[in-house]
Number of protein chains: 2
Amino acid sequence: MASPGSGFWSFGSEDGSGDSENPGTARAWCQVAQKFTGGIGNKLCALLYGDAEKPAESGGSQPPRAAARKAACACDQKPCSCSKVDVNYAFLHATDLLPACDGERPTLAFLQDVMNILLQYVVKSFDRSTKVIDFHYPNELLQEYNWELADQPQNLEEILMHCQTTLKYAIKTGHPRYFNQLSTGLDMVGLAADWLTSTANTNMFTYEIAPVFVLLEYVTLKKMREIIGWPGGSGDGIFSPGGAISNMYAMMIARFKMFPEVKEKGMAALPRLIAFTSEHSHFSLKKGAAALGIGTDSVILIKCDERGKMIPSDLERRILEAKQKGFVPFLVSATAGTTVYGAFDPLLAVADICKKYKIWMHVDAAWGGGLLMSRKHKWKLSGVERANSVTWNPHKMMGVPLQCSALLVREEGLMQNCNQMHASYLFQQDKHYDLSYDTGDKALQCGRHVDVFKLWLMWRAKGTTGFEAHVDKCLELAEYLYNIIKNREGYEMVFDGKPQHTNVCFWYIPPSLRTLEDNEERMSRLSKVAPVIKARMMEYGTTMVSYQPLGDKVNFFRMVISNPAATHQDIDFLIEEIERLGQDL
Amino acid sequence: MASPGSGFWSFGSEDGSGDSENPGTARAWCQVAQKFTGGIGNKLCALLYGDAEKPAESGGSQPPRAAARKAACACDQKPCSCSKVDVNYAFLHATDLLPACDGERPTLAFLQDVMNILLQYVVKSFDRSTKVIDFHYPNELLQEYNWELADQPQNLEEILMHCQTTLKYAIKTGHPRYFNQLSTGLDMVGLAADWLTSTANTNMFTYEIAPVFVLLEYVTLKKMREIIGWPGGSGDGIFSPGGAISNMYAMMIARFKMFPEVKEKGMAALPRLIAFTSEHSHFSLKKGAAALGIGTDSVILIKCDERGKMIPSDLERRILEAKQKGFVPFLVSATAGTTVYGAFDPLLAVADICKKYKIWMHVDAAWGGGLLMSRKHKWKLSGVERANSVTWNPHKMMGVPLQCSALLVREEGLMQNCNQMHASYLFQQDKHYDLSYDTGDKALQCGRHVDVFKLWLMWRAKGTTGFEAHVDKCLELAEYLYNIIKNREGYEMVFDGKPQHTNVCFWYIPPSLRTLEDNEERMSRLSKVAPVIKARMMEYGTTMVSYQPLGDKVNFFRMVISNPAATHQDIDFLIEEIERLGQDL
């Protein structure tokens, strides 16, 4: 891995803190150019600043404010015949960039500037000697910088400085020791694809305005359905803005399938609907029920076993109970990979019950879906092929950049019927191409961001086998962590047994608590341990891992691994760091 | 403006078609380097391919497959001591990039490769001599390329080729002659900011994982509320995945304000709710009503005048009618900038009615909100300050890259109460910083994409006055178009009078129809004119403009201008092109 200063692109002070307080951004990136290779640097700088003047060599203390560049005019004529004057680089503004005439040269220089800042950040993200976060409290950040929006423009030097400042205080989510969320890591091909997506700057509603992206969505969703196990990859689907919305889609479609009149008549025309999901399931099921007018009271939480898996007998009991009350069970949402425990509900048993009572079976595999890519681990989702719909977020376990969440639906056409409104200004029926590719009307959104390209390009670059290696590696690391701490002094596991996903849940018990009786006082003191260690982790910036209470269990650490940059040494480091930061508590 | 071959970065065959059929991607970007400046090119190429071999000069016909580069290993050791071998560039894979040890050098080269492809596309986007679109039918694209996803990885040369192919067939949405959607243009600062957002790769739920972005959202939403006219910018808001979702939020919050029990009890516990919006409003109001369990039958469409503005007396009549039936009017959604006509509903009159009947007033200013930045045009939204909520999409009239849509709410705390589910694993209450910045629980989503940074950075770069100039310029161009065609032979306006927004709606009447009587046959023939002209525009790739029928009006062109790259000459070109492509119909 990169060590500081060793790479040909590594440069500048740690975290760029010097740069962000110093307006010499042009100088900073000239320094980048200087380091590109010894010989080329000066010429690149000369090109940047104009041929007339050469900037101070790297390390010079004078910012190159006097350096000149051709200014761009803002006229409409083509070709432009305006007289060009030399101006200070710090006085170039957004209006000097394309589409300004003569804007090509400053635009390319500016975008290359930005890119150099981003490349520096990318390299640092993987460098263990840099901090995961340079933490500041909100009031500190608000006082230290002026973030306000004003009437007058700022120059491009200031704009580049804002980019540096923003990244200085950002979390390095690709850092090998960032374990805080289900989405971690920074995939280079995914990143490149996301840059391309931004540059293409279009919307997903029609083939007309997003021909390739629409086709790639078709190809990719079909492939995902094949992997789920639906015959021939048939069915439907969409990329939505996150797992919560995907789950809400599932709920909407299940309701529409049973009572299509809901679209026109609303919930008032329906009997009381009941959805079932486990007590460990994601809160988006309740959020969706609140939004859809179903109400959170109509989401019944089914009991879990000690590993966090839904208990099928309790599900059946609660279904019968609802039916006896005259309510209509319409959806069971099983979870494949719960947020905290990483548990997989028993999908086959759930599928049997759904079949018996004719209830829509949804599988929330937002977190666990990635395991379908692994021949070793996909058995944990056995039965997913019997689901009516599946949420699967490639931006979690598969390391695709945020955001990329798919809802897959087994029955074709249902989404379209549920959501279409026939807006004639968007979905004209007399176009000159095959209208089946105009998929926008099946979305809840109108304009829809292009989320597919990064997944598609990563899939091409890694192959299914590459995703498999990624998943297998992360699960192996989780098992490594589990094996280290399960019998280690000062640790208690929240549940017994080998982790099924990469979630490892544990308490760290500081020495002062180890001899205490298991009573309320100990629980109260233990509940404060994880928050303090976490706060210290963030202040040191060395690593980040999540904690939370759950049910009657006080605050415990929930370790998850989805970043392929992490290694065994990083797991060792985490344990050492928890002990270093928590031993005095 | 750039003309082909004139810029120092312009290169390659038109549309890059040669490149995409030829795997010599490395060669292509080396050609870029060659053109950067005469002297530096060779050295850059030498760096890229490794010092040992130099690629063929620009124009050489042999792809540089033999060019060597240090390969990266994939071990865990640090520092890495693996023996390095020279491999063919075409055999580098994603696994050779960071976080692979020794991955820094290939990563930087690869990302720079991608960037060069993107920069080439950016320059071409503004070049009028390139096509807006290189149109192919879906079956052609599907047959010409293999887009399928496979088990095995592809090498990085192929990945770069996919980037070129994808852009070859993309719509150049920043092209000065792309008028097809409400969102057009490609802002250079916005693009840079979106690249940075991708690189930071984080989520919006907490300050913990997005400190700067969370603060910038706070600052930016407050500024938008100030501009709307709410005292001190107080209130609430969120960036959501598009205007349709923003409108749905408004509906949800209005419902919750009146009947907070809906969250737990659902719609079954409520009387029948009725929403009102104009017959010209966006279809997302009905989509939202269908999703929320209100039902599309409960969305009453209010009549519009001949300019597409809601008629207040009809609104009041329908409200009284609903009340007489025992229904509960809960929301009026007025539109500020309708999709087709660009009409502004009379907000002051609507506000009076909402006040009188105690109904939530929402303003859908997704399209028209940008006019609030213009001292000359903001009077068209007079009364917006009396709204309870406002949808405002900076990705439309303000030219911010997709997507960037804000919902602003006048009452603080309502969003949080409506949507929060208290997920303890995400929103821990015992953190070490001010929790008021953990705004995720007010969202319908869980993870939420960072949409604010591009708007914030553009605002810094342009200033409010820069957005004002952008808006004023686009409206001036629309008036220019209107003045040309209103009395021109072969044109009929869909409605009379100067456009209020940049929407100009018109029929082009080919010579063969000009002498026909105004009867059904003429209407039938006229309805086919715009689709044929549009299809020809796309096949030639010269320009794109939308068309649609509306009510009893057959297909007409809806011209809109939101791209600051467009000039008077582009408007002239559009008219000439319509006449060239339509004269034989």
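**Exercise 1: surface and burial.** Work out what accessible surface chain A has and what percentage of its residues is buried.

*Solution.* Start with the outside: chain A of this predicted model has an accessible surface of about 18,800 Å², with areas taken from the Shrake-Rupley method and a 1.4 Å probe, where for residues only the protein chains shown count as cover. Carbon and sulfur atoms own 51% of that surface. Next, turn inward: of the 585 residues, 69% are buried, meaning under 20% relative accessible area (over 50% is exposed, in between is partly exposed; 1.4 Å probe, protein chains only).

A quick word on conventions. Residues count from 1 along each chain as its sequence is written, while chains are lettered from A and ligands numbered from 1 in the order written. Local features need pLDDT of at least 70, side-chain atom pairs need 80 or more, totals for chains, interfaces and linings use all residues, and side-chain values use heavy atoms, leaving out hydrogens and water.

**Exercise 2: the annotated site.** Find which residues the UniProt annotation "binding site" covers, and how they sit in space.

*Solution.* First, the record lists A:Gln181, A:Leu182, A:Ser183 and A:Arg558; such annotations may be inferred rather than shown by experiment. They spread over 378 residues of sequence, yet cluster in space, with a largest C-alpha distance of 13.7 Å.

**Exercise 3: A:Ser183.** Place A:Ser183 and list what it touches.

*Solution.* A:Ser183 sits in the loop between β3 and α7 (DSSP runs numbered from the N terminus: helices H or I, at least four residues; strands E, at least two). A:Ser183 counts as buried because its relative accessible area is 14%. Skipping residues up to four places away in sequence, A:Ser183 touches A:Tyr178, A:His395, A:Lys396, A:Leu402 and A:Ser562 (heavy atoms within 4.5 Å).
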